[in-house]
Amino acid sequence: MDSVLSSPSAAGGTRSAAEGADAGARYLSGTDQTLVKLLVAGPFGVGKTTFIRALSETPPLHTEEVMTQTGALVDDLAGVREKTTTTVAVDFGRITLAGDLVLYLFGTPGQKRFRPLWQDIARGAVGALVLADTRRLADSFEVMDIIEEAGLRYAVAVNTFPDAPDHTVETLRDHLDLHEDTPLVLCDARDRDQSLDALIALVRHVLDHTPMENP
């Protein structure tokens, strides 16, 4: 999806007959829709796949594979020892806000070796939500650097893992060295409402700085 905004007549994807009939009511209403491409970024094992799964109104697309011994040699498992799968291409989901604002969510791989793929996925995006983990905040800096180099607006959502250290928003903002204008929220990526609040914080940030018009 190279263009940032467009007005579709239907959404893609494979569905059952029942799902297709229900989708028709949602996506073929005859009204113009504004499509916005957003990235869900962050270091390896931070919860991007879980976040998109919690939010997507359509069956999400995942490209997860079981981790191997070979992968363990190049992926730092510190803080995520329980992780057994990893995204090797892209996660994709879709959610509609305010009736006609449709957000396409593209989850990007967190490992350094996927950076060329990240650059392709980022084409046409207007913003990014960076997920962070207080057990390894330093891992977020490289991701934020890449997003800033791409010229994208972003917000940060700290995924509150059960065993993660608890810090105030002010402390986290200081440790992440965030610009005062950059939104920072706490959320549980498994919780739809909390994840939606994080996504809305990003959308508001993007809308405040990027005038959007239908072509």
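Mentor: An angle between two elements is taken between their N-to-C directions and runs from 0 to 180 degrees, with each axis being a line fitted to C-alpha atoms. With that in hand, we may examine this predicted model.

Trainee: Which strands does helix α7 lie across, and at what angle does it run to β7?

Mentor: Helix α7, formed by residues 192-209, lies across β1, β4, β5, β6, β7 and β8. Its direction makes about 160° with that of β7.

Trainee: How many helices and strands does the protein chain have?

Mentor: The chain has seven helices and eight strands.

Trainee: What is the order of the strands in the open sheet?

Mentor: In general, the strands of a sheet pair through backbone hydrogen bonds, and the pairing may be parallel or antiparallel. Here six strands form an open sheet in the order β4-β5-β1-β6-β7-β8, and the pairing is mixed. From one strand to the next, the twist averages 25°.

Trainee: Why is one side of β4 and of β8 left without a neighbour in the sheet?

Mentor: β4 (91-97) and β8 (184-187) are at the edges and have a single partner strand each, so each has one side without a neighbour in the sheet.

Trainee: How many bridges join β4 to β5, and which residue is the bridge partner of R94?

Mentor: β4 and β5 run antiparallel and are joined by seven bridges. One pair consists of R94 and its partner Y104 in β5. Helix α4 also packs on the sheet, where it touches β1 and β5, and its direction makes about 160° with that of β1.

Trainee: Which residues have the most contacts inside the largest nonpolar core?

Mentor: A nonpolar core joins buried residues of certain types through side-chain atoms within 4.5 Å. The largest one in this model has 27 residues, and L39, I147, Y154 and V156 have the most contacts inside it. Elements giving two or more residues include β1 (34-41), β6 (127-132) and β7 (153-159). Helix α5 gives the most, with four residues.

Trainee: Which residues does V156 touch?

Mentor: Leaving aside residues up to four places away in sequence, V156 touches L129, V130, A132, M144, L176, L178, P183, L184 and V185. A second core, separate from the largest, has 24 residues, among them F51, L101, L131 and C187.

Trainee: What percentage of the residues count as buried?

Mentor: Of the 215 residues, 45% count as buried, a term for those with under 20% relative accessible area. The chain exposes about 10900 Å², and carbon and sulfur atoms supply 51% of that area.

Trainee: How far apart in sequence are the residues that contacts join?

Mentor: Among contacts between residues at least 6 apart in sequence, 74% join residues at least 24 apart.

Methods
Residues are numbered from 1 along each chain as its sequence is written. This is a predicted model: local features need pLDDT of at least 70, side-chain atom pairs count only at pLDDT 80 or more; totals for chains, interfaces and linings use all residues. Side-chain values use heavy atoms; hydrogens and water are left out. Buried means under 20% relative accessible area, exposed over 50%, partly exposed in between (1.4 Å probe, protein chains only). Contact means heavy atoms within 4.5 Å. Accessible areas come from the Shrake-Rupley method with a 1.4 Å probe; for residues, only the protein chains shown count as cover. Two strands pair if DSSP finds at least two bridges between them.
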